[in-house]
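The exercises below are meant to be worked with the sequence and the coordinates side by side. Try each task before reading the solution that follows it.

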Amino acid sequence: MATNKQTLFVLSLVIFWYSSNIGVLLLNKFLLSNYGFRFPIFLTMCHMSACAILSYFSIVVFKVVPLQMLKSRSQFFKISTLSLVFCGSVVGGNVSLRYLAVSFNQAVGATTPFFTALFAYLMTLKREAWVTYAALIPVVAGVVIASGGEPDFHLFGFIMCISATAARAFKSVLQGILLSSEGEKLNSMNLLLYMSPIAVLALLPVALIMEPNVWDVTIALGRDHRFMWLLLLLNSVMAYSANLLNFLVTKHTSALTLQVLGNAKGAVAVVISILLFRNPVTVIGIGGYTITVLGVIAYGETKRRYR
């Protein structure tokens, strides 16, 4: 009976995790491309504001996880650095959604393991087995093929998407270096609690300079579309819930299960986005994405075996 309850609980977590991750991705695309809300920096700031407020209530008020206090000025500066890199990755991803289909965006995003392995080698000289590096060849080759077969390919959008993917990988490697000592390690929810307010402070002046008419347009959209504010609020809350549920799924499943679920999540997002946005896809594009996903699976498996 207890086992059935645990299975049902984990299954519910996975469903909500999928819903939050895919939901925020599709809502980002809808707002930025289909709704006339062309402000990716301000949208990212909304996400970070929701993460800051909801993280505080989750950790400090409801004690979902124990609060981990910062212990030094050095630790604060390290977290600030991570926050800025994190900002860059999220903004880049949101900017790319203005120009690229979600399906192609996900294909490019699947190359994260390639950049992680590259930065790990360049920054820490950490080497993997040659078989592990060989598995990365189809990861990159698949995106090259998918790019050639993408009907709505946009160079600037592609550059922003690749940059966001590289920044995401860079952040994970940098986090392992900066917060390597036992006294400075933070779980992902406490790290988000400290990173998100820093991100808001960093994004606010950038949004005001680069998106100067954001307030006027947002208020006008709110008048013309009665669900505008609701969509923006829902989108921001889902951005936080995606982080919370990722933490909970990681806590209650194994690393291998998480890897399999993560690969499947990308494929589900691609299928749903094609059905919703009706963006044209080609056999070459689908083939390229499939090769990338298979490469990611092979990379994860070889890394696990040769660790």
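**Exercise 1. Aromatic pairs**

Task: In this predicted model, find how many aromatic pairs a search of the whole structure gives, and classify the pair formed by the rings of Phe 42 and Trp 215.

Solution. The search of the whole structure yields 13 aromatic pairs. A pair of aromatic rings is described by the distance of the centres and the angle of the planes. For Phe 42 and Trp 215 the ring centres are 5.2 Å apart and the planes stand at 75 degrees, so this pair is edge-to-face. The next step is to place the two residues in the chain: Phe 42 belongs to helix α2 (residues 40–61) and Trp 215 to helix α10 (residues 214–224), so that the pair links parts of the chain that are 173 residues apart. Turning to accessibility, Phe 42 has a relative accessible area of 6% and is buried, whereas Trp 215, at 44%, counts as partly exposed. Finally, these two residues form one aromatic cluster together with Phe 37 and Phe 39.

**Exercise 2. A second pair**

Task: Determine which class of aromatic pair Phe 104 and Phe 158 form, and state whether these residues are buried or exposed.

Solution. The centre-to-centre distance between Phe 104 and Phe 158 is 6.0 Å, and with 20 degrees between the planes the pair is stacked, since planes under 30 degrees apart count as stacked. This pair, too, links distant parts of the chain, with Phe 104 in helix α4 (residues 102–109) and Phe 158 in helix α8 (residues 155–178), 54 residues apart. As for accessibility, both Phe 104 and Phe 158 are buried.

**Exercise 3. Positive phi outside glycine**

Task: For Lys 63 and Leu 125, give the value of phi, then locate each residue and decide how accessible each one is.

Solution. Most residues other than glycine have a negative phi, and most peptide bonds are trans. Lys 63, however, has a phi near 55 degrees, which is positive although the residue is not a glycine, and this lysine sits in the loop between α2 and α3 (73–99). With a relative accessibility of 60%, Lys 63 counts as exposed. Leu 125 likewise has a positive phi, about 60 degrees, without being a glycine, and its place is the loop between α5 (112–124) and α6 (130–134). Its relative accessibility of 62% makes Leu 125 exposed, the cut-off for that class being over 50%.

**Exercise 4. Separation in sequence and in space**

Task: Find how far apart the C-alpha atoms are in the pairs Ser 254 and Val 281, Ser 49 and Leu 125, and Gln 259 and Glu 301.

Solution. Ser 254, in the loop between α11 (228–252) and α12 (255–277), is partly exposed at a relative accessible area of 39%. Its C-alpha atom is separated by 34 Å from that of Val 281, which is 27 residues away along the chain. Ser 49 lies in helix α2 and is partly exposed, with a relative accessible area of 24%; between its C-alpha atom and that of Leu 125, 76 residues apart along the chain, the separation is 36 Å. Gln 259, in helix α12, counts as partly exposed at 24% relative accessibility. Here the C-alpha atoms of Gln 259 and Glu 301 are separated by 9.5 Å, with their positions 42 residues apart along the chain. Leaving aside residues up to four places away in sequence, Gln 259 touches Val 296, Ile 297, Gly 300 and Glu 301.

**Exercise 5. The chain as a whole**

Task: State how many helices and strands the protein chain has, and compare its radius of gyration with the value from the globule rule.

Solution. Counting the elements gives 13 helices and zero strands in the protein chain. The radius of gyration is 19 Å, close to the 19 Å that the globule rule gives for 307 residues, so the chain is as compact as a globular protein of that length. Along its principal axes the C-alpha trace spans about 55 × 50 × 50 Å, and buried residues account for 48% of the 307 residues. Of the contacts between residues at least 6 apart in sequence, 87% join residues at least 24 apart. The accessible surface comes to about 15,500 Å², 70% of which belongs to carbon and sulfur atoms. On the charges, the chain carries 22 positive and 9 negative side chains, and the centres of these two sets lie 9 Å apart.

Note on methods: Residues are numbered from 1 along each chain as its sequence is written. This is a predicted model: local features need pLDDT of at least 70, side-chain atom pairs count only at pLDDT 80 or more; totals for chains, interfaces and linings use all residues. Side-chain values use heavy atoms; hydrogens and water are left out. Helices (H or I, at least four residues) and strands (E, at least two) are DSSP runs, numbered from the N terminus. The radius of gyration is taken over C-alpha atoms; the globule rule is 2.2 Å times the number of residues to the power 0.38. Buried means under 20% relative accessible area, exposed over 50%, partly exposed in between (1.4 Å probe, protein chains only). Contact means heavy atoms within 4.5 Å. Accessible areas come from the Shrake-Rupley method with a 1.4 Å probe; for residues, only the protein chains shown count as cover. Lys and Arg count as positive and Asp and Glu as negative; His and the chain ends are not counted. The place of a charge is taken as NZ of Lys, CZ of Arg, CG of Asp or CD of Glu. Rings of Phe, Tyr and Trp (its six-membered ring) pair if their centres lie within 6.5 Å; planes under 30 degrees apart count as stacked, over 60 as edge-to-face and the rest as tilted.
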